[in-house]
Amino acid sequence: MVRTTLSAAEARRVALAAQGFGAAPADTVSTRTLTAGFARLGLLQIDSVNVFERSHYLPLFARLGSYDRATLDRLTMTRRGPYAEYWAHEAAFVARTDLPLFRWRMDAFRERDARPNRIEGVERTAGVRRELLALLRVEGPMPASAVEHEANVRRGPWWGWSDVKTGLEQLFRWGEVVSAGRSGFERVYALPEQVLAPGALETAPDRTTAVTELVRRAGRALGVATRADLADYFRLRSDDTAAAVAELVERGELVPVTVEGWKERAWLHADARVPRRLTADAVLSPFDPVVWFRRRAERMYGFHYRIEIYTPAPKRVFGYYVLPVLQDDRLTGRIDLKSDRQRGLLRVRTAWQEPGEHLDAERLAETLRRTATWQGLDGVEVTARGTAAAAVAGALGVPLVPHVAADDVDAPESTPTDDAA
């Protein structure tokens, strides 16, 4: 039966089931399992901060359970792996064969960079770009650090990109170079013909066709979504998304629905399941598709979420690297995690129960034990900060550790632009 209405709880379960939650973790997560999980999501957002774990590892752990991160590295970080990077949401891993779906975006970036307010910077690096293309043609794929030298001028107190890095990023945005894995988490650049099938970008679909396909994939990955949700998944324009939605409704792939409590119109993917119940236990990356669009997280879960990494320590409310706690179809809390490898401990630096929610401390404790084991750590330590800290420590059977000021002054271990891009 075609659904035309959903309760708020049904919408949450539809969305989480579409994202791959609800199945019991497998005893062994194979390469095939990882690629199937990746395909369900469509992309993994990249971020450089690794105080706990780099973001792109976390969504698959949340859905599949413990897996060998080296296996994901072979898929995403090597020249011959099946995944590459592009600005698909923010910087993200996508299937290498999906890069042609973003050819129109590459062209749009080139047009944007030709505008009067940007053209000066583009013209300034024109010679560098020509040299870089010639170098890549002769030497093959390489990271920016293999080209930079002492004469490069560093600009800006935070990121300090040289003309080499700027030139490579311009070429990368325009599709004149593509990613060929990573080396020490630094992106490796290559000419398209060095890593892609011949003519892959030249025979890409037009903008309308590509955007419609991206909206179709977003609809499948989200289960139920507003137009803004669908547009955000691959960072599409609202008008382009509206046209694609109309086409997909005509095809029968998206079905208009009314969701309890949602002011905006919504669409249900034709293949979406509406589970009667859903069991899930996970801590989510700040860049997990469940929460990366903050408006959707607030609408669906009543969860107001702002990452506080770049907030000055005295102004932070919940902590430095705070991850939402998913239990069944609710976001019941948030915890600030750090992997202390020198001491072999997963540190819970703050733990909070969401107002009006029930955080099951016993279930969270088991999630934290699994997380510590996956990280190769020997135990979990809980700091005495946050409304749920005492309950979580009690469930783990460990004493609370006094809060110290040093926990409030972490700085990013690497900048988003240097590592994520």
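Here a student and a tutor talk through strands, rings and salt bridges in a predicted model.

Student: Let's start with strand β7, residues 186-190. How many of its residues are buried?

Tutor: Strand β7 is mostly covered. Buried here means under 20% relative accessible area. R187 fits that, with a relative accessible area of 1%. For the whole strand, the count of buried residues is five of five.

Student: Which residue stands opposite V188 in β7?

Tutor: Look at strand β5, residues 142-143, which runs antiparallel to β7 and is joined to it by two bridges. The residue that faces V188 is P143.

Student: And in the hairpin of β6 and β7, which residue takes a positive phi?

Tutor: Strand β6, residues 178-183, pairs with β7 in the antiparallel sense over four bridges. S183 stands opposite E186 in β7. Two residues lie between the strands, and the one with a positive phi near 60° is G184.

Student: On to the rings. Y67 and W374 form an aromatic pair; is it stacked, edge-to-face or tilted?

Tutor: The whole structure has eleven aromatic pairs. In this one, the ring centres are 5.6 Å apart and the planes sit at 45°. Planes under 30 degrees apart would count as stacked and over 60 as edge-to-face, so with 45° the pair is tilted.

Student: How many residues apart in sequence are the parts that Y67 and W374 tie together?

Tutor: Y67 sits in the loop between α3 (58-64) and α4 (69-76), while W374 belongs to helix α14, residues 361-374. Y67 counts as buried at 6% relative accessibility, and W374 is also buried at 6%. The parts that this pair ties together are apart in sequence by 307 residues.

Student: What about Y233 and F234: is that pair stacked or edge-to-face?

Tutor: Both Y233 and F234 are buried. They also belong to a cluster linked by ring pairs, with Y86, F102, F172, Y189 and W292 as the other members. Their ring centres lie 5.3 Å apart with the planes at 75°, so the pair is edge-to-face.

Student: Which residue has its charged end over the ring of F185?

Tutor: There's an arrangement of this kind elsewhere, with R334 over the face of F303 at 4.2 Å from the ring centre. Over F185, the charged end sits 3.9 Å from the ring centre, and it belongs to R54.

Student: Now charges. E169 forms a salt bridge with R187; how many residues apart in sequence are the parts this pair ties together?

Tutor: The closest N and O atoms of E169 and R187 are 2.9 Å apart. E169 counts as buried at 2% relative accessibility. E169 lies in helix α8 (residues 163-174) and R187 in strand β7, so the parts tied together are apart in sequence by 18 residues.

Student: Which residues are linked in a network of salt bridges with E169 and R187?

Tutor: The structure holds 36 salt bridges. Besides E169 and R187, this network takes in E85, K165 and R182.

Student: Last one: D113 and R118 meet in a salt bridge. Is R118 buried or partly exposed?

Tutor: Their N to O distance is 2.9 Å. D113 is buried, with a relative accessible area of 1%. R118 has 32% relative accessibility, which makes it partly exposed.

Key. Residues numbered from 1 in each chain as written. Predicted model: local features only at pLDDT ≥ 70, side-chain atom pairs only at ≥ 80, totals over all residues. Heavy atoms only, no water. Buried < 20%, exposed > 50% of the residue type's maximum accessible area, 1.4 Å probe, protein only. Pairing = 2+ DSSP bridges. Phe/Tyr/Trp six-rings, centres within 6.5 Å; stacked < 30°, edge-to-face > 60°. Lys NZ or Arg CZ within 6 Å of the ring centre and 35° of its normal. Salt bridge = Lys/Arg side-chain N within 4 Å of Asp/Glu carboxyl O.
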